[in-house]
Amino acid sequence: MLNFSMHPKWVAVHPVVLSLTACAAAKVRQAGGTISGKAEDVPTLPYMIRMGLFNYLPIDPIREIRQHEESGRFIPITQIRNSDELRTAITNLVPLLHAPSSVADPIKYVFSEMVRNALEHSRSEVGVFVCAQYYRESKKISIGIADAGIGVPSAMARHHKFDSPAEAIRLALQPGITGTTSRIGGNEFNAGAGLFFTKSIATLSRNRFLLYSRSSMFRLMQTRMRHKPALEVDPIHDPHKFVQAPDWDGTVVGIDLNIEQGVEFSYLLDQIREAYSLDVKSKKDYSKRIRFS
């Protein structure tokens with residue numbers, strides 16, 4: 001059973017919140033459960049309606065809106081269940097980027113890698129839910145991705161030992177560590193670096209990132225340092241918080257990314273390449289060297 005409720009004055013509408021809510025509703029309905037609750041006439045209600053939240057919640061949205069073309073502004077909540085639907089979602093993402101390929105390619109990588117990994121390994125019976133929003137003034141894009149699969153701890157437990165969900169998340173964020181094999185560096189099909197790359201792009205561009213699974217949430221804290229932040233292979237050394245959260249069996253990823261030429265993505269990728277190379281070399285890299293081109 002899912003009971004949906006809203007604060008009477010304020011509701012967070014970051015894409016990660018919307019994706020998780022829609023995914024939870026789909027999971028409950030797929031299992032034959034019931035969904036109850038009501039909407040509140042908060043200022044963000046029209047946005048939630050336009051993003052398609054009430055397409056997944058059988059709840060009266062209590063008002064109607066005039067829909068506008070979303071191209072170049074946002075991707076409404078989208079359920080992805082196979083590679084064809086993933087390709088369509090990536091195609092829809094491109095107009096939001098407003099950026100040359102040097103900037104757009106890493107962002108498309110983040111999106112496709114997170115969704116592809118969830119489709120291949122999460123065993124989510126309802127697929128993966130995504131949505132994204134472009135903010136013109138700050139030139140940022142916010143992305144939310146949620147699945148209702150086995151979650152990070154269960155995936156990592158196949159080949160690694162840890163004492164808590166937080167430790168499993170810490171492992172998953174390190175380069176060269178993957179839940180599909182015990183070999184450091186992974187294999188040529190899954191180098192165990194997708195989450196590390198995603199977190200690193202957020203770190204080096206001083207943006208938000210979160211990874212939530214089971215009862216633990218890793219939150220990267222934004223910094224205002226003048227010098228370029230260091231890229232850490234172990235996320236415990238990043239400015240971060242581990243937050244206790246309600247138990248969610250699947251995995252949720254939220255990230256904000258800059259969409260402008262001034263963001264030095266070549267520098268970001270160089271730093272990621274160096275950190276990945278150093279870390280897997282120190283533990284013997286049995287995999288094919290990952291390519292960044």
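This passage describes the overall make-up, the salt bridges, the cysteines and one strand pair of a predicted model.

The protein has 293 residues, and 51% of them count as buried. Its secondary structure comprises 8 helices and 7 strands. Among the contacts with a separation of 6 or more, 66% are made by residues 24 or more positions apart. The exposed surface of the protein amounts to about 14,500 Å², and carbon and sulfur atoms supply 49% of that area.

Side chains of opposite charge can pair when their charged atoms come close. The whole structure contains 12 salt bridges. Two of the pairs found involve Arg 116. With Glu 113, the closest N and O atoms are 2.9 Å apart. Both Arg 116 and Glu 113 belong to helix H4, which covers residues 101-121, and their spacing of 3 residues is about one turn of the helix. Arg 116 also forms a salt bridge with Glu 120, where the closest N and O atoms lie 2.7 Å apart. Here the two residues are 4 positions apart in helix H4, so about one helical turn separates Arg 116 from Glu 120.

The three residues differ in their relative accessibility. Glu 113 has a value of 12% and is classed as buried, because the limit for that class is under 20%. Arg 116, at 23%, counts as partly exposed. Glu 120 is likewise partly exposed, with a relative accessible area of 47%.

A further salt bridge joins Asp 234 to Arg 170, and the closest N and O atoms of this pair are 2.6 Å apart. Asp 234 is located in the loop between strand E6 (209-220) and strand E7 (240-258), whereas Arg 170 is part of helix H6 (residues 165-172); the pair therefore ties together parts that are 64 residues apart in sequence. Asp 234 is buried, with a relative accessible area of 14%. Arg 170 is partly exposed, its relative accessible area being 22%. Elsewhere, Lys 27, Arg 214, Asp 247 and Asp 249 are joined into one network by salt bridges that share partners.

The search for disulfides across the whole structure gave 0. Two cysteines may be described individually. Cys 23 is buried, and its relative accessible area is 0%. Cys 131 is also buried, again with a relative accessible area of 0%.

Strand E3 consists of residues 74-80. Of its 7 residues, 6 are buried, so strand E3 is largely enclosed by the rest of the structure. Strand E3 is joined by 5 bridges to strand E4 (residues 128-135), and the two strands run antiparallel. Within this pairing, Ile 75 of E3 stands opposite Ala 132 in E4. In a regular strand the side chains alternate between the two faces of the sheet.

Key
Residues numbered from 1 in each chain as written. Predicted model: local features only at pLDDT ≥ 70, side-chain atom pairs only at ≥ 80, totals over all residues. Heavy atoms only, no water. Buried < 20%, exposed > 50% of the residue type's maximum accessible area, 1.4 Å probe, protein only. Contact = heavy atoms within 4.5 Å. Areas by Shrake-Rupley, 256 points an atom, 1.4 Å probe, with all protein chains shown as cover. Salt bridge = Lys/Arg side-chain N within 4 Å of Asp/Glu carboxyl O. Disulfide = S-S within 2.5 Å. Pairing = 2+ DSSP bridges.
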